[in-house]
Structure formats: C-alpha cells, structure tokens
Amino acid sequence: MITIEWLFVLLGLMFAAFSLLSAFDASHPKRFGNAAFWGLMAISLLAGSHLGDFINGLLVLGLAGLAGFGMIGRGDPATTSREERQYWSDRLGNKLFLPALIIPATALIGTLLYSYTPVKDSGLFEAKRETYILLGLGVLIALATIFAWLRPPAVAPLQEGRRLIDAIGWAAVLPQMLAALGVLFAAAGVGTVIGDLTRSVIPEGSIFITTAVFALGMALFTMIMGNAFAAFPVMVAAIGVPLLIQHYNGNPAVIGAIGMLAGFCGTLMTPMAANFNIVPAALLELKDRNGVIKAQIGTALPLLLANLLLIYFLAF
Amino acid sequence: MSQYWVLIGILIVVAGFALRLNPMIVVTVAAIITGLVAGMDLVEVISTFGKAFNDNRIIAIIWIVLPVIGLLERYGLQQRAASLIGGIRNATTGRLLILYLVYRQITAAVGLHSTAGHAQTVRPLVAPMALAAAEKQGGELDEATADKVKSYAAATDNVGLFFGEDIFFAIGSIVLIQQILATYDYNLAPLELAIWAIPSAIIAFLIHGSRLLLLDRSLGKKRS
C-alpha cells in the first residue's frame, strides 16, 4: 500500500536538496541559515516518525529560532529573465498550460477513478489520502513531461523550487506551528474557559441573542484558534447543545452545519489561519502580509450575518 | 480567577501579531507559556509541541508542487496566462474571478478540494490572468492596485473553497460535526448535514461575486 509516508519522503528529499543548494550558493546572503532551516524541515519529513516527541520539539524550536532571529533570507538562484520568459511564452503558446494542468488533472481524474470504481477495494492507497498521493504522482508526471519536452538543465526544478520556497520563507512552516499551538491550547483547557465565558454573556429567554452569541462565538473563537475545527466542539458544548438544541428545540443538523460555516467566516479574517491568509500573501509577494485578509473582510462580515440569520430562521 | 491564566497564550498571540513580531517566535512563546501555565513541565511542553507539529506534517504536502510551478515559470507560464486573457476581448478581472469562484465551489462540493489552491492554481495561473485583465481595464497598474488584484485572487480561492467543501458529505468538517453531535446522542447522516451547507454557499457566491463586480468598477474608473 502506498501511504502518505511515501510522499513525506519525497517532500523530505526535496527540502534536503533545497538545503544543500542553499549551502553551496555563495551569492546567498544567509546561505547557512537557509541550509539549516530547510535541512530541519527535511529531517522532520524524512525521520519525524522515528525521532520521538522531544527531539521533534527541539527541531521545532530550531525552526522558530532560525526564523525569529532573522537568520534566513532569500536566495537568488539562476533563472530566466523577463524577456526570455516572454520569448518562451510566445514560442510555446498555450501548450505551456498542459504540464501545469497535469497536476490537478491527475489528482482530479485519479481520485474519481479510484473512489468510484472497484480499484478502491484493492487498497492501493492509504485510505482518505488518495488525493494527496495522486497529487504527488501528478507532480512526477508533470516533471517527466517537461523534461521530455523542453529538456531543462537537470537541477532546474530544484533551483526553481528553491527560488519559490525562499520567497515564501518561514510562512511555509507557520501553518504547522499554528496547528501545534492549537493542540497545546486544547490540552491547557482554553476551550472550556472560552465556552464558560461565552455562555455567561447570554441573557435567559432570547432565542435570537443565543443564536447570535453562538454564531459570533464560532467566528471569534475560530479567529483566535485559526481553525473552525477547534472552535466547533467548544461552542457546541457551551451553547449549541444545552441551549439551542435542548432548551429551545432547535434543529441539530442546521445548528451543526451552519454553525461550522459561521466559523469559516472567522477563518477568512484571521492571520492565525496562516495557510489560507499568510501563505498566499507570501506566495504572491504582496507588500502587506495581511493583504488577503483585508480583501476578505468585506465578504466575511455580511456572510457571517447571513449565516446567523440562516440558523435563526431554519433551525427554529 | 485562576482558570483564566490559560488564556495568556491568546493574549501573547494577539499582542505579538499586533506588534508585528515574527509569528514563528510569537507562536512558540505562546505555546510554551500556555503549557507551563497549565502545569506541564518544560520537557512535557516541548514534547507535546513536537508531537503536534509532527502529526500535522500533511499541511506541508502542498509544497511538493513548487518544482513544477517554478520550472514552468522559467518557461513563461505567467506571461502565457497573461497573454491568454489579453486576447479575450471582454475579459475583466471580476468576471474572470467569478468564473474561478464557481469552478472552485463546484469542484470543492464534489470532493475535489485539493485539486486547486494558492500554490497549484492561484500563483501560476489565476493571479497573472487577473492582473492581465486588470491592465486591459485600467492600463498600467501601480503596485498598490496590482497587490489588491492579487489579494482578491487569493481571497476568491478561499471563499470558493470554504463555501463549497461542506456540501461534500465526506469532508473532514462534516465528519467532525457528525461525530461531535453523536456524542450528545444526535445521530445524523453526513448527507443530512451537507445539504444545510447549500444556502450559505449560494449566499457566499452572491456576496463575493458582487464584490468582484465592484472591483471591476473601481479598476475601470482608474482609466478615466
């Protein structure tokens, strides 16, 4: 069976290559910092399952230290100039999209073929990980296609990959850090305290105000945790089940489903949801780290109000 | 009063982000202090943090696409995406992003949420196309306008994903809702939950779609 661990190894090898290429890049202002940073990521991906929790913890502290004390920076690996790119774009035409589409197409068609045909029973892929594994497969097929077609220098995919990962920098690791912070918050009982606090602001007898506190609480706590999944059990335990469902006889399916979506409105408005909001700002090389969030607030606030009203009118 | 001490981590995070300190340090400090306040010793805190980081390695999977995207950029993928849009007479940023919003909501609603995203589609294709369309509408873009267009491209991906994926009954969030409610003896089928994601999906499309049309208007004004 092909498991997600195979993909971690492939990814780990890629980060190991980024690390080595950084170390040997004499023009890189922070070559050894970057080599260490991407090297630690490589170790985590290649050996994380065998290192033990404490060593993994030290590894994370290393990543945070390197990033936090400004020891990593952007390299400038050789690539094509703007003019050369325009030349290739004109010469290759729309065929250039094909390799880019191989990745989503492999993931899309592969997932459909795998999930809705008897192949599913073969146990070829680890359960629920098939799309990720097929994404990895798509990357390999796309690389093979580009090499057969355009014959770039052998090290080009790794150098171009390093160019991009250096542009993203520590933001590439932040989402995983925040997920880990969420686990510590949960272990410390932050959710219980927040749940009690939220319940204490609700006056008795008003279904609307209770619904509003539930929906706004989902959004706010999601903003704090960066993840609606962490907020949901807390708000359901504090308000959803005891008040909305049991006390006011609300429809549990509506309260559960739309309550989660109220949380998603919070996800749109918080830097804590780094993979959705901070990573794209880095990927698109925006000046303002919070640019994506600012573009989303105008959608998120009216949508939150809409979800609040949907719960109120559909559940009761 | 003492139970409120565990909230200190939230305070550290909020203050750290507000002061624009490096988030990697802020998050680490918040995690360690929260753990210590909750009564763990330092080794225990570091171990918990390390285990959680390791358990979430799947988040990093997406970076596997970078060598392909980078390689295609080397051969002018972004320029090609821009030329394609430049050749379509009626293309505008707003219409293009509305099309992407529909695509993203529908593919997410049938469970294909990992097939598009900021690294796979927004940076190499959607953002350069949106920029090219904006240039047709408003001429040469200044940096602030270009950044705004790129932000909207990323925002459209997020809105499409969040308000499409819950229509798919086998997604993690639906499973989570089902499991949590089941602990209180409310046993619901995933499909019963997923249909209630449809009204929000439609409203999300209407709200974000209108904002994209407004974006068109502000881009068009720049020319006159």
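The radius of gyration used here is taken over C-alpha atoms, and the globule rule is 2.2 Å times the number of residues to the power 0.38. The model is predicted: local features need pLDDT of at least 70, side-chain atom pairs count only at pLDDT 80 or more, and totals for chains, interfaces and linings use all residues. Residues are numbered from 1 along each chain as its sequence is written, while chains are lettered from A and ligands numbered from 1 in the order in which they are written.

**Exercise 1. Set the radius of gyration of chain B against the globule rule, and describe the division of the chain.**

Step 1. For 224 residues, a compact globule would have a radius of gyration near 17 Å, whereas chain B has 22 Å.

Step 2. The C-alpha atoms of chain B occupy a box of roughly 65 × 45 × 35 Å along the principal axes.

Step 3. Chain B comprises domain 1 (2-55) and domain 2 (64-221), with bounds from an automatic or database domain assignment. Between the C-alpha centres of these two domains of chain B lie 33 Å.

Step 4. Chain B has eleven helices and zero strands, where helices (H or I, at least four residues) and strands (E, at least two) are DSSP runs numbered from the N terminus.

**Exercise 2. Classify A:Pro233 by burial and list its contacts.**

Step 1. A:Pro233 belongs to helix α11 (residues 228-247) of chain A.

Step 2. A residue is buried if 20 or more other C-beta atoms, placed from the backbone, lie within 10 Å of its own, exposed if 12 or fewer, and partly exposed in between. A:Pro233 has 18 other C-beta atoms within 10 Å and is therefore partly exposed.

Step 3. Two residues are in contact if their C-beta atoms, placed from the backbone, lie within 7 Å. Not counting residues up to four places away in sequence, A:Pro233 touches A:Gly191 and B:Ile180.

**Exercise 3. Characterise the contact between the chains and the nonpolar core.**

Step 1. Chain A supplies 114 residues to the contact and chain B supplies 98 residues. The chain A side divides into 83 nonpolar, 24 polar and seven charged residues.

Step 2. A nonpolar core is a set of buried Ala, Val, Leu, Ile, Met, Phe, Trp, Tyr and Cys residues joined through C-beta atoms within 7 Å. The largest such core has 185 residues, and those with the most contacts inside it include A:Ala257 and B:Met129.

Step 3. Leaving aside neighbours within four places in sequence, A:Ala257 contacts B:Asp166, B:Ile177, B:Leu193, B:Trp196 and B:Ala197.

How values were computed:
Ala, Val, Leu, Ile, Met, Phe, Trp, Tyr, Cys and Pro count as nonpolar, Asp, Glu, Lys and Arg as charged, and the others, Gly among them, as polar.
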